[in-house]
Amino acid sequence: MYIKEVASSLYPWDLADEGVETCVDNVVEHSMVNSVYLVGIMHKEKRPLTSLFYTHNPKRKFYLPEDSRIYYRMDENNFKNTPLKPLYSTRDFLREKDWLDELTSYARKRNLKTGAEISHTFFDCEVAKKDFPDVLQKNIHGDIIDRYFCCNNDHVKEYMKAIFYDTVKNHDIDFIQTCMMLFAVGEPVKAPWFMEHDPENKVGALLGVLKGGCFCRHCREKALQMGYDWDKIVHDLQGLERMVTATVSDNLDSVMDNHLLMGSDLLETGLLLEYPSLYQFLEFRMKSIAELFKDIYAAIKEANPKVDFRYNNYLKFPELAGLDFVAVKDFLDSVRDSDYTEQYGNPDRFKRKRNTILKIRRGIGFEKDLIAALAPRPNATPEIIRESIKVLSTLGVDGLSLGHYDGATFELLDAVKQGMREAGIEIVK
C-alpha cells in the first residue's frame, strides 16, 4: 500500500524545551515522518494530556498552556473588520519567536511538508465572556455555552477568515489544519436510572443536541434569511427538551413521556418524523457550517491557492455538530480523522476507527486525501500501534498522523516505523 504522508504535530513549548531540530529529527528518524505541523493556536488543557508527566522533555514535567494564544506573527491589518484581535503568549520563553517560522525553516532543510493547526478554540473564552459575550453560542435557555463561538455571528466569521488568511499568506506552509469546535452537541440523553443504559443509543446522542447550541439571535436572523420558521422550531424544541430532561424531582408531568421514549427502541428516523422541527434545526446548522467552510476555503485560496485546507475531525458523530462531509467536500482538500483508540488500549478492536474512516471517505470521495491518526501514547503498546497500522492499511487511507509527540515514548514512535514495514506501507515521494 502506498501513502503520501506521515505527519506529526509539534507544540511551541516542545520546540522551546527540546529544540526544533531535536523534535523534528526524532519524529523523522523514529517514525518516518515526512510532514510536520505546528499547533499554532492551542486550547487550554494540561500537556501531556494522557499521562502525568512528559516522557522526554528535559526542562519540565508538564505544561499548562494559556488559552487560545497565537504562537506566530500576525498582520493586525487583516483583522480590521472584527473587534476580535489576535491574542499572543505572555510567557517569556515563548513570546520572542515566531514558532511557525522556526519549525518550517528547519523542516524545509529536511525537505519536509509543513503545516499549521488552528486547534479547538481560537480565542480566549474568558476574554470573550467578559468583553464580547455576544460571540459565544447560547443554549435553548439563552445561557452562554463555554468555549463555543457562533459561526453565524459576523464578527466571529470575520475573525476566523482572518486567522486562516493571515496564516497562509505570511508563512511557508503546505496545509492548514483545524479541529475547531463547531456547534455544541450537548451531552447524550441517557435512559432513566432504572433502565439499562445503552452507550450506543443513537437516539440519546441525537437528543443531546437539545442541550447544545446555538439558539442565539444571530442564528435566528440567519435562519429567517434561509426561510426557516425559527420561532416555531425553537418552540417545538423547547417542549421536547423539557420532556427529555425531565426527572422525578423536576418537571414531573413529563417524566412518563421521558421513560417511554428512552425505554423504547424508536429509531432516529421515527423521532425526526415526529418532530420535523428537530430535522430543520439540524439542517440549518449543517447549512451554516457548510457556508463557514466555504468562506474559510475562499480566504485560504485567495492567500495562497496551493495551500490545502484540512479539517481534523475529532467527533464521533460530526453530523450532530453540523458537519456533513458531503456538504463540505468541495470546500476541503483533505481530512484528518482524530481517532485515538490506541491510547485507551484498543477496547473496541478498532471498530470506531474503521467506522469513522469509512464514513468520512463516503462523504469526501476518493479525490480528497484522508489522513488517519494514531496515538503512540500511554496505554498503547507497540503491538497495538502495529495492529492499528495494519488495520489502516486495509482502509485506503492516504496518510498517517501521530497524536501526539509530546506524550509519546520512543518505543511507541519506533513501533510506527515497524508497523508500516510489517503492513507493507510505502511513502510515495
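1. The largest cavity has a volume of about 40 Å³. This is a predicted model. The structure holds 1 cavity of 30 Å³ or more. Lining the largest cavity are Gln 137, Phe 149, Cys 151, Met 160, Met 181, Leu 182, Phe 183, Ile 289 and Leu 292. Met 181 also appears among the contacts of Thr 121, a residue taken up in point 3.

2. Next, an open space. The second largest pocket has a volume of about 290 Å³. It is lined by 14 residues, and those closest to its centre are Met 286, Glu 319, Leu 323, Asp 324 and Phe 325. Three elements give two or more residues each to this lining: α12 (276-303), α13 (325-328) and α14 (351-364). The largest share comes from α12, with 4 residues.

3. Look at Thr 121. It sits in the loop between β5 (113-118) and α5 (125-131). Is Thr 121 buried or exposed? Its relative accessible area is 3%, so Thr 121 counts as buried. Leaving aside residues up to four places away in sequence, Thr 121 touches Ile 41, His 43, Asp 67, Ser 68, Arg 147 and Met 181. With Ser 68 there is a side-chain to side-chain polar contact of 2.6 Å. Met 195 is another matter: 74 residues from Thr 121 in sequence, it lies 37 Å away in space, C-alpha to C-alpha.

4. Asp 67 is one of the residues that Thr 121 touches. It belongs to the loop between β3 (35-42) and β4 (69-70). Asp 67 is buried, yet it has no salt bridge. Which side chain of opposite charge is nearest to Asp 67? It is Arg 147, at 5.8 Å. A salt bridge needs a side-chain nitrogen within 4 Å of a carboxyl oxygen, so a pair at a greater distance does not count. Asp 67 does have a polar partner: a polar atom of its side chain lies 3.1 Å from the backbone nitrogen of Cys 125. Beyond residues up to four places away in sequence, Asp 67 touches Met 42, His 43, Lys 44, Thr 121, Phe 123, Asp 124 and Cys 125. His 43 is on this list, and on that of Thr 121 as well.

5. Helix α4 covers residues 99-109. Its N-terminal end is capped by Asp 98, with a side-chain oxygen 3.2 Å from the backbone nitrogen of Leu 100. Leu 100 is itself buried. The other buried residues of α4 are Trp 99, Leu 103, Thr 104, Tyr 106 and Ala 107.

6. Just after α4 comes Asn 111, with a positive phi of about 60°. Asn 111 is not a glycine. It lies in the loop between α4 and β5. Asn 111 counts as exposed because its relative accessibility is 70%.

7. Met 32 also deserves a check. Its phi is positive, near 60°, and it too is a residue other than glycine. Met 32 is placed in the loop between α2 (20-31) and β3. With a relative accessible area of 30%, Met 32 is partly exposed.

8. Where are the cis peptide bonds to inspect? One runs from Arg 47 to Pro 48, with omega near 0°. Pro 48 is in the loop between β3 and β4, the loop that also holds Asp 67. Another cis bond runs from Gly 403 to His 404, again with omega near 0°. His 404 lies in the loop between β12 (399-402) and α16 (410-423).

How values were computed: Residues numbered from 1 in each chain as written. Predicted model: local features only at pLDDT ≥ 70, side-chain atom pairs only at ≥ 80, totals over all residues. Heavy atoms only, no water. Buried < 20%, exposed > 50% of the residue type's maximum accessible area, 1.4 Å probe, protein only. Lys, Arg positive; Asp, Glu negative; His and termini not counted. Polar contact = N/O pair within 3.5 Å; in protein donor to acceptor, adjacent residues only side chain to side chain. Contact = heavy atoms within 4.5 Å. 1 Å grid on protein atoms, 1.4 Å probe; cavity = no way out; pocket = protein on both sides within 12 Å on 5 of 7 lines; lining within 4 Å. Points joined across faces, edges and corners; volume = space filled by probe spheres on them.
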